[in-house]
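Please look over the sequence and the model below before reading on. The walk-through starts with the overall fold and ends in the core.

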Amino acid sequence: MSTPTPAPAPTAAPASSPTHAFEDFSVGQVREFGSRLVDREEGLAFAAAYDPQPLHLDEDAANASVLGGLSISGWHTCALVMRMMCDAYLLDSTSQGSPGIDQLRWLKPVRPGDTLRVRMTVLETKDSRSRPAIGLVRSSWEVFNQKDELVMTMDGWSMFGRRGT
């Protein structure tokens with residue numbers, strides 16, 4: 001069984017004084033980031049290791065499927081988006097992780113050779129009731145391919161430390 005290609009090294013070491021803290025996220029704020037080419041071999045390796053369905057691994061089976069061709073695993077798409085989020089803001093933030101994703105939708109197949117980008121919109125911010133040094137940010141992430149087709153949406157919460165705590 002093949003294993004996925006290792007992720008590239010972070011583009012920057014985590015900052016000692018992060019740029020993004022809870023106070024830097026406001027309702028309605030929109031950020032666009034990323035430009036990630038979807039590599040065929042990386043997609044095949046990911047599918048072989050983690051999502052070995054024929055529509056992600058075999059051209060003939062994929063062509064006969066409802067998707068009409070080889071598609072990248074939706075879980076691989078999520079991992080690619082996570083990496084773009086890390087590179088765009090999480091590695092330079094007070095991120096304390098996430099309590100989870102509320103909604104995830106794969107709307108169109110992601111194909112080898114596609115180029116993905118992300119639009120993040122802050123939907124809500126609130127104080128943590130149990131941890132005063134942390135605030136919660138609810139965001140919506142929209143993922144587009146090179147044709148500006150919406151291929152994936154995701155809504156969920158992130159936890160960020162407050163500046164100076």
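The paragraphs below take the overall layout before the interior.

This is a predicted model. The protein has 165 residues, and its secondary structure amounts to 4 helices and 5 strands. Along the sequence these elements come in the order β-α-α-α-α-β-β-β-β: one strand, then four helices, then four strands. Taken along the principal axes, the box filled by the C-alpha atoms is roughly 55 × 30 × 30 Å.

How much of the contact in the protein links residues 24 or more positions apart? Such pairs make up 72% of the contacts with a separation of 6 or more.

The surface comes next. The accessible surface is about 8,900 Å², and carbon and sulfur atoms account for 53% of that area. The protein carries 16 positive and 20 negative charges, and the mean positions of the two sets lie 6 Å apart.

Turning inward, 39% of the residues count as buried. The largest nonpolar core contains 25 residues. Which elements give two or more residues to this core? They are the helix α4 (74-88) and the strands β3 (115-127), β4 (134-144) and β5 (150-161). The largest share, 6 residues, comes from α4.

Within this core, the residues with the most contacts are V81, M85, Y89 and L116. V81 and M85 fall within the range of α4, while L116 falls within that of β3. Leaving aside residues up to four places away in sequence, M85 touches F33, L90, W141 and M154. Of these partners, W141 belongs to β4 and M154 to β5.

Note on methods
Residues numbered from 1 in each chain as written. Predicted model: local features only at pLDDT ≥ 70, side-chain atom pairs only at ≥ 80, totals over all residues. Heavy atoms only, no water. Core = buried A, V, L, I, M, F, W, Y, C linked by side-chain atoms within 4.5 Å. Buried < 20%, exposed > 50% of the residue type's maximum accessible area, 1.4 Å probe, protein only. Contact = heavy atoms within 4.5 Å. Areas by Shrake-Rupley, 256 points an atom, 1.4 Å probe, with all protein chains shown as cover. Lys, Arg positive; Asp, Glu negative; His and termini not counted. Charge placed at Lys NZ, Arg CZ, Asp CG, Glu CD.
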